[in-house]
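Please look through the structure shown here, and let us ask how each word used about it is earned. Every answer sets a value beside the definition that it has to meet.

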Amino acid sequence: MKPLLLFKNVRFYILLFSIFLSIFLYFYYQINPDPNYPLIHNLMHNYALIAASYLYIALLIGPFCYNFKTPYNSKLIKARRAVGVSAFYFAFLHYLIGFYGYLGGFSKLFALEPKYLLAISLSYTALVILFLMASTSFDFMIKKMTFIRWKLLHRLVYAAGIFVLIHALLIGEHFQNPNPISITATVLIGFLIYLEGKRIIANLKSISSKNGKSS
């Protein structure tokens, strides 16, 4: 991509913002230490929340653009790949800090309770899915894989979203009891399910109508 085109690409600014945000949070907690929690705890949880937020936005863009026709829909669709890459970026940072810094790596893994093992297994599976999506988010990969195969692979984002949700419900600090974050997340997930449901029903009706005409 030519330099001038790069600076006109919304994906570039999303990725740049994500990198700066991760660095900003690191230095913020270095300069303003939390007396109640160590640095790795705050970074782990903040990176997790940001990763989940990016993943939610990536899931929301499709049904939102389908249900609401706005002048910005084309930009939102174009931005979706960078949003997905950013979700992987923060999820990977969360994994590195949480698994190696907070947990202590593989040596401590099998000493955990079954609930924690399940949560970590699901989140790791989601991370692998996000990695596959991020590594195939470029135009040349779509051409190499063909659009149909690329689309099928990226449908796994729904599985990643479900795995992340279960992970959060099992061991997420902000999802154990009702609080502003958990309540907001519940409302937002309900909104996503509503929009996605409307899109699925409309597609099913369209398929049924075409089948009826062909018969």
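Q: Where is threonine 146 found, and what makes its phi angle worth a remark?
A: Threonine 146 is found in the loop between α6 and α7, where helices (H or I, at least four residues) and strands (E, at least two) are DSSP runs, numbered from the N terminus. Threonine 146 has a positive phi of about 80° although it is not a glycine. Most residues other than glycine have a negative phi.

Q: What kind of model is this, and how are its residues numbered and its side chains treated?
A: This is a predicted model, in which local features need pLDDT of at least 70 and side-chain atom pairs count only at pLDDT 80 or more, while totals for chains, interfaces and linings use all residues. Residues are numbered from 1 along each chain as its sequence is written, and side-chain values use heavy atoms, with hydrogens and water left out.

Q: Why is threonine 146 called partly exposed?
A: Buried means under 20% relative accessible area, exposed means over 50%, and partly exposed lies in between (1.4 Å probe, protein chains only). Threonine 146 has a relative accessible area of 39%, so it is partly exposed.

Q: Why is threonine 136 called buried, and what does it touch?
A: Threonine 136, which lies in the loop between α5 and α6 (139-145), has a relative accessible area of 7% and therefore counts as buried. If residues up to four places away in sequence are not counted, threonine 136 touches Met141, Met145, Trp150, Leu153 and His154, where contact means heavy atoms within 4.5 Å.

Q: What is said of phenylalanine 138, in the loop between α5 and α6?
A: Phenylalanine 138 has 44% relative accessibility, so it counts as partly exposed. Phenylalanine 138 and alanine 82 are 56 residues apart in sequence, and their C-alpha atoms are 9.7 Å apart in space.

Q: How do you know that arginine 81 and aspartate 139 meet in a salt bridge?
A: A salt bridge is a side-chain nitrogen of Lys or Arg within 4 Å of a carboxyl oxygen of Asp or Glu. For arginine 81 and aspartate 139 the distance is 2.7 Å, N to O, and the pair meets in a salt bridge. Arginine 81 lies in helix α4 and aspartate 139 in helix α6, so the pair ties together parts that are 58 residues apart in sequence. Aspartate 139 is partly exposed, because its relative accessible area is 44%.

Q: How many salt bridges are there by this rule, and what makes glutamate 196 and arginine 199 a pair?
A: The count comes to two salt bridges. The side chains of glutamate 196 and arginine 199 meet at 2.9 Å, N to O, in one of them. Both residues lie in helix α9 (residues 180-214), three residues apart, about one turn of the helix. Glutamate 196 counts as buried because its relative accessibility is 14%, and arginine 199 counts as buried because its relative accessibility is 15%.

Q: How do you know that the buried residues of α8 line one face of the helix?
A: The buried residues of α8 are Val157, Ala160, Gly161, His167 and Ala168. Seen down the axis of α8, these residues fall within an arc of 125°, so they line one face of the helix; the arc is that of the directions from the helix axis to the C-beta atoms. What covers them includes α3 (39-67), α4 (73-103), α5 (114-135) and α7 (147-154).

Q: What puts the buried residues of α5 on the same side?
A: The buried residues of α5 include Ala119, Leu122, Ala126 and Met133. The buried residues cover an arc of only 165° around the axis, which puts them on the same side of α5. They pack against α3, α4, α7 and α8.

Q: How does the span of α5 compare with what is expected?
A: The expected span of a helix is 1.5 Å times one less than its number of residues. With 22 residues, α5 reaches 31 Å from its first C-alpha to its last, close to the 32 Å expected.
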